[in-house]
Amino acid sequence: MEMWFSEYHTKHVRHSLRVTRHLFSKKSSYQQIDIFETPEFGRVLALDGNVMLTERDEFIYDEMITHVPMAVHPGIRDVLVIGAGDGGVVRELTRYDRIRRIDLVEMDPVVIEACREFLPGNACRMDDRRVHIHFENALRFIRNREEEYDLIIVDSTDPFGPSEGLFTREFYGNCYNALKDDGIMVNQQGSPFYAEDAEAMQRSHKRIVNTFPISKVYQAHIPTYAAGYWLFGFASKKYHPINDLNAEDWYSLNLRTRYYTPRLHQGAFALPAFLEEMLMEVEE
């Protein structure tokens, strides 16, 4: 008998993957955690029934949320990563020799344990000497930080349930305070395609615009995410994501990527008309 895993993108739309093995299943203090083996997308991490990553397309998300700010800000040394317990963002960050500290704040230790065992391609750099893991509530952690980080990456789940507090104006204000005077915050902004997701994206963008002097949105195609269309937020105290992009310096690092390039970087900020209109509604 065939086994399928289905994620509901709306009550009328679901995305299904055929499963060959159910490798891990546990209810932690925070959420239901599952890891599946699938023939098309490899291993899949799901939290509370929602796909967080697949081995097949995780590189798109992790490269776009990491290399975009790294190619803009030449002085990033101290980084705070919120969420990202699978380790993919940490893996990409540790490729930069200039980074001296990565604080990873993940509320659920079970996620990290499961990914270390079943998703080693993501979790392979969690033991890098520069990485400091904090099993803590991110809201409490960041309230005590002031002008400490060059970059904050908010790799949270969607703005419902345990991660809802990571999309509030208070949280973005705390991120602003925790950044140095030229710091950047990058966060996942969800999909603008389905109505509920689009409304959540607009709320988040409005709060960021009201907090940071520079706030832009960029995009990527991620097949297993809702509608296959995903957004990221770029918020900065100083650097503009296009005007301050230093492509030559980034190329000189000789980092091999599978999705990100400086040319793609520029194009990712060229948004379709319907999305520009949605963003303008809340920016005004």
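**Exercise 1. Determine which residues Phe232 contacts, and place Phe232 in its nonpolar core.**

*Solution.* Step 1: contact is defined as heavy atoms within 4.5 Å. Setting aside neighbours within four places in sequence, Phe232 is in contact with Tyr61, Met64, Ile65, Asn187, Gln188, Gln189, Lys216, Val217, Tyr218, Ala220 and Ile222. The model is predicted, so local features need pLDDT of at least 70 and side-chain atom pairs count only at pLDDT 80 or more, whereas totals for chains, interfaces and linings use all residues. Residues are numbered from 1 along each chain as its sequence is written, and side-chain values use heavy atoms, with hydrogens and water left out.

Step 2: a nonpolar core is a set of buried Ala, Val, Leu, Ile, Met, Phe, Trp, Tyr and Cys residues joined through side-chain atoms within 4.5 Å. Buried means under 20% relative accessible area, exposed over 50%, and partly exposed in between (1.4 Å probe, protein chains only). The largest such core has 44 residues, of which Leu93, Leu151, Tyr218 and Phe232 touch the most other members.

Step 3: the elements giving two or more residues to this core include helix H1 (58-70), strand S12 (214-221) and strand S13 (229-236). H1 gives the most, with seven residues. Helices (H or I, at least four residues) and strands (E, at least two) are DSSP runs numbered from the N terminus. Another core, of 18 residues, lies apart from it, with Leu80, Ile82, Phe141 and Ile152 among its members.

**Exercise 2. State whether Glu92 is buried or exposed, and list its contacts.**

*Solution.* Step 1: Glu92 is located in helix H2. Step 2: Glu92 counts as buried because its relative accessibility is 4%. Step 3: beyond four places in sequence, the contacts of Glu92 are Asp62, Glu63, Thr66 and His67.

**Exercise 3. Describe the loop between S12 and S13 through Pro223 and Ala227.**

*Solution.* Step 1: Pro223 belongs to this loop, and its relative accessibility of 35% makes it partly exposed. Step 2: not counting residues up to four places away in sequence, Pro223 touches Phe41, Asp57, Ile60 and Gly228. Pro223 and Thr54 are 169 residues apart in sequence, yet their C-alpha atoms are 9.8 Å apart in space. Step 3: Ala227 is also placed in the loop between S12 and S13, and it is partly exposed at 36% relative accessible area. Although Ala227 is a residue other than glycine, its phi is positive, near 65 degrees.

**Exercise 4. Identify what lines the second largest pocket.**

*Solution.* Step 1: on a 1 Å grid over the protein atoms alone, a pocket is an open set of points where a 1.4 Å probe fits, with protein on both sides within 12 Å along at least five of seven lines; lining residues have an atom within 4 Å of a point. Step 2: the space in this pocket is about 200 Å³. Step 3: its lining includes Ser215, His240, Phe269 and Glu283. S12 and helix H10 (273-283) are the elements that give two or more residues to the lining, and H10 gives the most, with four.

**Exercise 5. Summarise the chain as a whole.**

*Solution.* Step 1: the protein chain has ten helices and 13 strands. Step 2: buried residues make up 57% of its 284 residues. Step 3: of the contacts with a separation of 6 or more, 65% join residues 24 or more positions apart. Step 4: the C-alpha atoms fill a box of roughly 55 × 45 × 35 Å along the principal axes.

Note on methods: Points joined across faces, edges and corners; volume = space filled by probe spheres on them.
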